[in-house]
Structure formats: C-alpha cells, structure tokens
Amino acid sequence: MLIHSMWDSYPWLKKELAEVLQMIDQNVRIRDKTIEQIIKETIFSGGKLLRPAYSLLCSNIGPQRDCKRAIAIAAALECLHTATLIHDDVIDEADIRHGISTLHTTSGNKFAIYAGDYLFSLSFTLLSKYASTKTNVKIRLNRVDKILTGELEQLHSRYRLPTSVKDYLSRISGKTAQLFAVSCYSGAVESGASTRIAAHAWNMGHYIGMAFQIMDDVLDFISDEKTVGKPIMNDVRQGIYTLPIIYSMERKGDHLKQILAKKNRLTNQDLEEILKIIHFNRGIEKSEELAKKYTEKALQELRKLPEGAYKKDLYSITKKLLERKM
C-alpha cells in the first residue's frame with residue numbers, strides 16, 4: 001500500500017493516509033478471497049487520495065480532533081470515491097485509469113458494478129460506525145445523490161453539443177466539487193468546528209473541486225498519457241465535451257459541430273483539428289483563467305478558517321494542487 005510521493009513533504013499526513021488505507025484493508029471482508037483481493041488492488045492502485053487528505057486536514061480545524069474517527073471518515077470517503085470511479089469507468093468504457101487496466105476490462109462489467117456497490121455499502125458502514133451523530137451521517141448520505149446526479153448528467157449529455165459554460169459548471173459541481181466539499185466539511189464538523197466555520201470549509205472544498213476538475217479537463221488536451229494515466233483527448237473520444245471545447249464553440253462553432261457530428265468515429269486527424277481550433281480560440285487559456293478564479297475563491301475561504309499548524313499545510317497543498325505542481 002504505497003502512498004503517492006506527492007505527500008512526502010507532509011509526513012504527518014502521509015502517515016495518516018497510510019492508516020486510512022490500512023483501515024480499508026481491514027474492513028474489506030468477502031468470503032471469496034480472490035474477489036476480495038481484486039477489490040483491494042483496485043483501491044490501492046496508486047490514486048492520490050485527495051479527498052481523504054482534505055478530510056484529514058480539515059479535521060484539525062475544530063478543538064475536538066479524534067484521530068481514529070478522522071481516519072475512519074477519510075476511509076469512508078475514499079471508498080465512496082473509488083465506487084464512483086469504478087461505475088464511471090464502466091459507463092465510459094474506459095480501459096485505463098492511473099496507468100493500469102480498469103476493473104471492468106479485467107473482470108467484466110457485472111463484477112465491476114457489484115464491486116462498486118460493495119464499496120458504497122462499506123462507505124456507509126464506516127460512517128454509521130464512526131460518525132459522531134446520526135445527523136451527520138444523514139447529511140453525508142443526502143449529499144451522495146448530488147454526486148450521482150452529476151454522473152448521470154454527464155452520461156445523458158454524451159455526444160450532445162455543449163450548450164453553455166453554466167451547464168458545464170453545474171455538471172462538475174455535482175460530479176467533482178460535491179465530494180471535495182463533503183470531505184472538507186466532514187473533517188471540520190467531526191472536529192467540533194462551529195456551523196459558520198464548517199460552512200467555510202464546505203465552500204473551500206467546493207471551489208477546490210471546481211478548479212481541480214477544470215484543470216483536469218484542460219490536461220486532457222495538453223498533457224500526455226503517462227501524466228494523466230489515460231489516453232489524451234479521452235473525453236472528446238467518449239463524447240464528453242468540456243470547457244475548452246465550450247469556449248471554442250463560441251467562435252468556431254460551425255466547424256467544430258461538423259467534426260463532433262462524427263461522434264465515436266473521430267479519426268486522429270479530426271482530433272488534431274479539434275486541438276488546433278481550441279488553441280486558436282484560446283480555449284485552454286480561458287479555462288485556466290476560470291480555474292484560477294476558483295482557486296482564489298478557495299484560498300479566500302481558507303483564510304477565514306481558524307489559525308493553527310494545519311493551516312500552513314492546507315494552504316501549501318491547495319496552491320500546489322491547483323497549480324498542478326504536485
């Protein structure tokens with residue numbers, strides 16, 4: 001259970017993230033040990049553990065930090081996140097994640113769906129066992145529908161021409177930002193933070209998630225497969241049209257429509273032409289500018305949190321993450 005090297009500069013957090021994985025390892029219990037091992041390998045496949053990391057960071061906000069509870073809630077969040085990724089890969093027919101074959105390609109769609117369902121169940125089990133009150137469990141359960149709704153909206157919009165920046169932001173708010181917000185909020189609430197302070201943690205997580213997803217979508221066009229762990233321009237291939245495309249539609253709409261009308265029959269030449277249009281219309285730059293605005297909003301909310309040793313790490317990690325320097 002290796003922890004990503006991005007956490008080397010934060011030894012206390014790296015140690016607790018290792019404990020998060022250990023707790024998941026201890027709680028994944030299936031009679032068929034082969035299936036159990038496959039699920040564990042999926043969880044321990046090299047993800048960055050961003051959501052549990054933010055939950056752990058924010059568990060230092062209030063005056064009543066309980067280390068075991070913080071780790072358990074972080075573990076529940078990682079199970080929830082992994083479950084959504086497994087289901088997402090099935091829907092998107094994605095073959096690669098984190099540079100390795102996805103679960104449905106190695107074990108089949110049915111197995112992947114059941115594995116995702118199992119992790120959903122485990123997430124709720126951990127929350128009900130360790131969360132301080134039933135009210136807090138209820139809050140978290142009520143937020144899961146927002147995450148799944150975002151995924152459903154993305155599925156429904158595949159190969160449909162993008163309509164507006166507003167619709168895109170609404171989709172990623174549920175798909176990505178919601179779980180970042182829940183992670184930060186959960187850590188704060190469980191540490192005894194006030195309602196007002198927990199709200200700042202929630203807002204911070206939301207803005208972090210928005211900036212993170214926008215930059216993730218930008219990287220799909222400008223990075224390489226080794227860096228992002230999946231084929232370049234994979235979203236376009238899958239009929240998912242993100243912000244750089246949407247900005248480019250504003251000026252070169254007709255030409256882009258003709259190319260995108262091919263749907264899943266896009267050639268490499270088509271992809272190269274799409275990339276040229278995006279660069280010509282500054283789709284990448286405009287997207288990065290919006291991500292920077294969300295980053296600054298996140299940092300503004302962070303500054304409103306109580307002072308403490310955790311805050312320096314939280315600021316450093318957030319800034320590096322959203323600038324893609326870690």
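**Note on helix packing, cavities and local features**

1. Helices α2 and α6 are roughly perpendicular to each other, since the angle between them is about 75° and angles of 65 to 115 degrees count as roughly perpendicular. Their axes lie 11 Å apart. Helix α2 covers residues 33–43 and helix α6 covers residues 109–130. On the α2 side, the contact is made by I35, I38, I39 and I43; on the α6 side, F111, A115, Y118 and L119 take part. By class, this contact has eight nonpolar residues, no polar ones and no charged ones. The model is predicted, and this applies to every point below.

2. On the overall make-up, the protein has 15 helices and two strands. Of its 326 residues, 54% are buried. Taking contacts between residues at least 6 apart in sequence, 72% join residues that are at least 24 apart.

3. Helices α14 (residues 283–303) and α15 (residues 309–322) pack at an angle of about 175°. The pair is therefore roughly antiparallel, the cut-off for that term being over 145 degrees. The distance between the axes is 11 Å. In α14 the residues in contact are T295, L299, L302 and R303; their partners in α15 are K311, L314, Y315, T318, K319 and L322. This contact divides into five nonpolar, two polar and three charged residues. The class make-up can be set beside that of the contact of α2 with α6, where the charged and polar counts are both none.

4. H200 belongs to helix α9, which runs over residues 195–222. Is H200 buried or exposed? With a relative accessible area of 13%, H200 is buried, because buried means under 20%. Beyond residues up to four places away in sequence, H200 touches E301, K304 and L305. The C-alpha atoms of H200 and R303 are 9.3 Å apart, although 103 residues separate the two in sequence. R303 is also one of the α14 residues that meet α15.

5. I246, in helix α12, is likewise buried, at 7% relative accessible area. Not counting neighbours within four places in sequence, I246 is in contact with P162, S164, V165, Y168 and Y241. I246 and S287 are 41 residues apart in sequence, with a C-alpha to C-alpha distance of 9.6 Å.

6. The second largest pocket has a volume of about 290 Å³. It is lined by 16 residues, of which S157, P162, T163, D167 and R171 are the closest to the pocket centre. P162 also appears among the contacts of I246. Which helices each supply at least two residues of the lining? They are α7 and α8, and α8 gives the largest share, four residues. By class, six lining residues are nonpolar, six are polar and four are charged.

7. Two cavities of 30 Å³ or more are counted. The second largest cavity holds about 40 Å³ of space. Its lining consists of L2, I3, H4, L21, I43, F44, S45, G46, G47 and L49. Six of these residues are nonpolar and four are polar, with no charged residue. I43 is also one of the α2 residues in the contact with α6.

8. Two backbone values deserve a check in the model. Most residues other than glycine have a negative phi. Y159 has a positive phi, near 65°, and K263 has a positive phi as well, near 55°. Y159 is found in the loop between α7 (134–156) and α8 (165–190), the two helices that each supply at least two residues to the lining of the second largest pocket. K263 is found in the loop between α12 (243–260) and α13 (268–280).

9. How accessible are these two residues? Y159 is partly exposed, with a relative accessible area of 21%. That value is just over the cut-off, because buried means under 20%. K263 is partly exposed too, at 42% relative accessibility; the term exposed applies over 50%.

Note on methods. Residues numbered from 1 in each chain as written. Predicted model: local features only at pLDDT ≥ 70, side-chain atom pairs only at ≥ 80, totals over all residues. Heavy atoms only, no water. Axes fitted to C-alpha atoms, helices over the stretch in contact; angles between N-to-C directions. Parallel < 35°, antiparallel > 145°, perpendicular 65-115°, else oblique. Contact = heavy atoms within 4.5 Å. Nonpolar A, V, L, I, M, F, W, Y, C, P; charged D, E, K, R; others polar. 1 Å grid on protein atoms, 1.4 Å probe; cavity = no way out; pocket = protein on both sides within 12 Å on 5 of 7 lines; lining within 4 Å. Points joined across faces, edges and corners; volume = space filled by probe spheres on them. Buried < 20%, exposed > 50% of the residue type's maximum accessible area, 1.4 Å probe, protein only.
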